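Biologist: Please examine one part of this model closely and take me through the side chains involved, one after another. I should like a connected account that sets each of them in its surroundings.

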Amino acid sequence: MTRGNRRRQGLERRRRMTRRLGTVVALGAAAILLGSFFLSEMGLPKYLEMRERAQQLGQEIRELERANAQLRTEIARLQQDPARIEELARERLGFVRKGETVYQVVEEKSK
């Protein structure tokens, strides 16, 4: 073997070792990243938990918006509808019109 061949073989060995070392380092870094992705405090399980919570909160918001719309409708009726006002006065306050007779049913106390 000539010097040139030996030098080339030495360079090839170094290149192979460098490639192997680079591959091992890259695989190690990938393993660490994957491990942290699945096992860390802010990894995949936390993301899934937060996504579920966001869906729950979205549902709660929709329900509250529906309830608000119903309350706004009721407010508008109370401000503008005399029949609704009269209905509530009769139900909650026991109001009666002139000339009406009110019968009150009282349950007997059990002994």
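Modeller: I begin with Glu12, which is partly exposed because its relative accessible area is 38%, a value that falls between the limits of 20% for buried and 50% for exposed. The model is a predicted one. The partner of Glu12 is Arg15: the two form a salt bridge in which the closest N and O atoms are 3.2 Å apart. Arg15 also counts as partly exposed, because its relative accessible area is 46%. Both residues belong to helix H1 and stand three residues apart, about one turn of the helix. The general geometry fits such a pairing: an α-helix has 3.6 residues a turn, so residues three or four places apart point the same way.

Helix H1 covers residues 3–39, and two other places along it deserve mention. Gly10, also in helix H1, is buried, because its relative accessibility is 17% and the limit for that class is under 20%. Its C-alpha atom is separated by 58 Å from that of Glu52, a residue 42 positions away along the chain. Phe38 is another member of helix H1; it is classed as partly exposed because its relative accessibility is 42%. With Leu34, Phe37 and Leu39, Phe38 makes up a nonpolar patch on the surface, and together the four have about 450 Å² of accessible area.

The salt bridge of Glu12 and Arg15 lies within one helix; I turn next to one that spans two. The side chains of Glu74 and Arg84 meet in a salt bridge, at 2.8 Å from N to O. Glu74 is in helix H2 and Arg84 in helix H3, so this pair ties together parts that are 10 residues apart in sequence. The two partners fall into separate accessibility classes: Glu74 is partly exposed because its relative accessible area is 22%, whereas Arg84 is buried because its relative accessibility is 13%.

Arg84 leads into the packing of helix H3. This helix (82–93) has 12 residues and reaches 15 Å from its first C-alpha to its last, close to the 16 Å expected at 1.5 Å a residue. Its buried residues include Arg84, Leu88 and Ala89. Viewed down the axis of H3, the buried residues fall within an arc of 140°, so they line one face of the helix. Part of what covers them is helix H2 (44–80), the helix that also holds Glu74.

A further salt bridge joins Arg77 and Asp81, where the closest N and O atoms are 3.9 Å apart; the pair still qualifies because the criterion is a separation within 4 Å. Arg77 is partly exposed because its relative accessibility is 36%, and Asp81 is partly exposed as well, because its relative accessible area is 25%. Beyond this pair, salt bridges with shared partners connect Glu86, Arg90, Arg97 and Glu100 into one network. Across the whole structure, the search finds seven salt bridges.

Finally, there is Thr101, which is placed in the segment after helix H3. Thr101 counts as exposed because its relative accessibility is 58%, and exposed means over 50%. Thr101 and Asn5 are 96 residues apart in sequence, and their C-alpha atoms are 122 Å apart in space.

To return to the charged pairs, Glu12 and Arg15 lie about one turn apart in helix H1, while Glu74 and Arg84 link helix H2 with helix H3.

Key:
Residues are numbered from 1 along each chain as its sequence is written. This is a predicted model: local features need pLDDT of at least 70, side-chain atom pairs count only at pLDDT 80 or more; totals for chains, interfaces and linings use all residues. Side-chain values use heavy atoms; hydrogens and water are left out. Patches are made of residues with over 30% relative accessible area and no salt bridge: like charges are joined within 9 Å, nonpolar side chains (Val, Leu, Ile, Met, Phe, Trp, Tyr) within 5 Å. Accessible areas come from the Shrake-Rupley method with a 1.4 Å probe; for residues, only the protein chains shown count as cover. Helices (H or I, at least four residues) and strands (E, at least two) are DSSP runs, numbered from the N terminus. Buried means under 20% relative accessible area, exposed over 50%, partly exposed in between (1.4 Å probe, protein chains only). The expected span of a helix is 1.5 Å times one less than its number of residues. The arc is that of the directions from the helix axis to the C-beta atoms. Contact means heavy atoms within 4.5 Å.
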